[in-house]
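Student: Please take a close look at how one helix packs against its neighbour in this chain, and then follow the description out to other parts. I would like the criteria stated alongside the results.

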Amino acid sequence: MLRAVVFDVGETLIRDDRGWAAWADWLDVPRHTLSALVGAVVAQGRDNAEALRLLRPDIDIAAERAAMEAAGAGERLDEADLYPDVRPALAALREKGLHTVIAGNQTAHVGQLLRELDLMVDEIATSGEWGVAKPDPRFFARVLDLTDAAPDETVYVGDHPANDIRPAKAAGLRVAHLRRGPWGHLWSGTAEAAAADWQIDSLHDLVRLAAG
């Protein structure tokens, strides 16, 4: 029986288009160039931030992000960034009495932006707020602190095997691999994705799982 559902952020709840477009514009490169590089490094099993270092090997990402914020080109989120199934699925899960949490590899600023969207969840946390990021086991220990449920009563929902499926399973959680966004589609059908307890195409599928 499931008692808690925990959501990744990028390409699970929100589209990453805006964020990568902002980086491309800031670095003065075509958006398609950066998008393709992000896909290439992730397909190689590398962190997506490595795409920025391919463009500028000496980049200080934290310093550049701060400069973007100061220039008014920093992180932004609004309703248009949410996938259309997010609000109805969260509402349905709440109606079923599940504890819902958002926890992903995002900055503290994104954590605040998510809260301003007034999503129907019990908790929101980011790696930037915690000082520890996926796939570190400590991240998932913090996740379980928020769920008020046992690991096998908790499902983590995400699109990326290395950051979501593998470490969540290692922490004893159940996992739903979401076939959404570039990484969800890239890894769909692979042995890495098959390690998840469920393969889903929409957050609406979680409502069915919760009823099972």
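Tutor: To place a pair of helices, an angle under 35 degrees is called roughly parallel, one over 145 roughly antiparallel, one from 65 to 115 roughly perpendicular, and the rest oblique; the angle itself runs from 0 to 180 degrees between N-to-C directions, with axes as lines fitted to C-alpha atoms, for helices over the stretch in contact. The model is predicted, so local features need pLDDT of at least 70 and side-chain atom pairs count only at pLDDT 80 or more, while totals for chains, interfaces and linings use all residues. Residues are numbered from 1 along each chain as its sequence is written, and side-chain values use heavy atoms, with hydrogens and water left out.

The part to begin with is the pair formed by helix α1, residues 17–27, and helix α2, residues 31–43, whose axes come within 8 Å and cross at roughly 120° (helices are DSSP runs of H or I with at least four residues, strands are runs of E with at least two, and both are numbered from the N terminus). With that angle, α1 and α2 are therefore oblique to each other, and their crossing is right-handed (the near helix is turned clockwise from the far one by less than a right angle; anticlockwise would be left-handed). On the α1 side the contact is made by W20, A21, W23, A24 and D25, and on the α2 side by R31, L34 and V38 (contact means heavy atoms within 4.5 Å). Sorted by class, the contact of α1 with α2 has 6 nonpolar residues, no polar ones and 2 charged ones (Ala, Val, Leu, Ile, Met, Phe, Trp, Tyr, Cys and Pro are nonpolar, Asp, Glu, Lys and Arg charged, and the others, Gly among them, polar).

D25 and R31, which both belong to this contact, also meet through their side chains in a salt bridge, at 2.6 Å from N to O (the criterion is a side-chain nitrogen of Lys or Arg within 4 Å of a carboxyl oxygen of Asp or Glu). D25 counts as partly exposed because its relative accessibility is 43% (buried is under 20% relative accessible area, exposed over 50%, and partly exposed in between, with a 1.4 Å probe and protein chains only).

A search of the whole structure finds 18 salt bridges, and two others can be set beside that pair. The side chains of E50 and R53 meet at 3.0 Å, N to O; E50 and R53 are 3 residues apart in helix α3, residues 50–55, so about one helical turn separates them. E50 is partly exposed at 25% relative accessible area, and R53 is partly exposed at 33%. K169 and D197 form a salt bridge at 3.3 Å, N to O. K169 lies in helix α9 (161–170) and D197 in the loop between α11 (191–194) and β6 (198–200), so this pair ties together parts that are 28 residues apart in sequence. K169 is partly exposed at 34% relative accessibility, as is D197 with a relative accessible area of 33%. Elsewhere, salt bridges that share partners join D8, K134 and D164 into one network.

From that loop the chain enters strand β6, where I200 lies. I200 counts as buried, because its relative accessibility is 0%, and, leaving aside residues up to four places away in sequence, I200 touches V157, A176, H177, L178, R179, D205, L206 and L209.

L206, one of these neighbours of I200, also takes part in a second helix pair. The axes of helix α5, residues 86–95, and helix α12, residues 204–211, come within 8 Å and cross at roughly 15°, and α5 and α12 are therefore roughly parallel to each other, with α5 passing α12 in a left-handed crossing. The residues in contact are P88, A89, A92 and L93 of α5 and H204, L206, V207 and A210 of α12; they divide into 7 nonpolar, 1 polar and no charged.

Two further positions complete the survey. S127 is found in helix α7, residues 127–130, and counts as buried at 11% relative accessibility; apart from residues up to four places away in sequence, S127 touches G104, N105, Q106, V132, A133 and F139. E116 has its place in helix α6, residues 108–116, and is exposed, with a relative accessible area of 55%.
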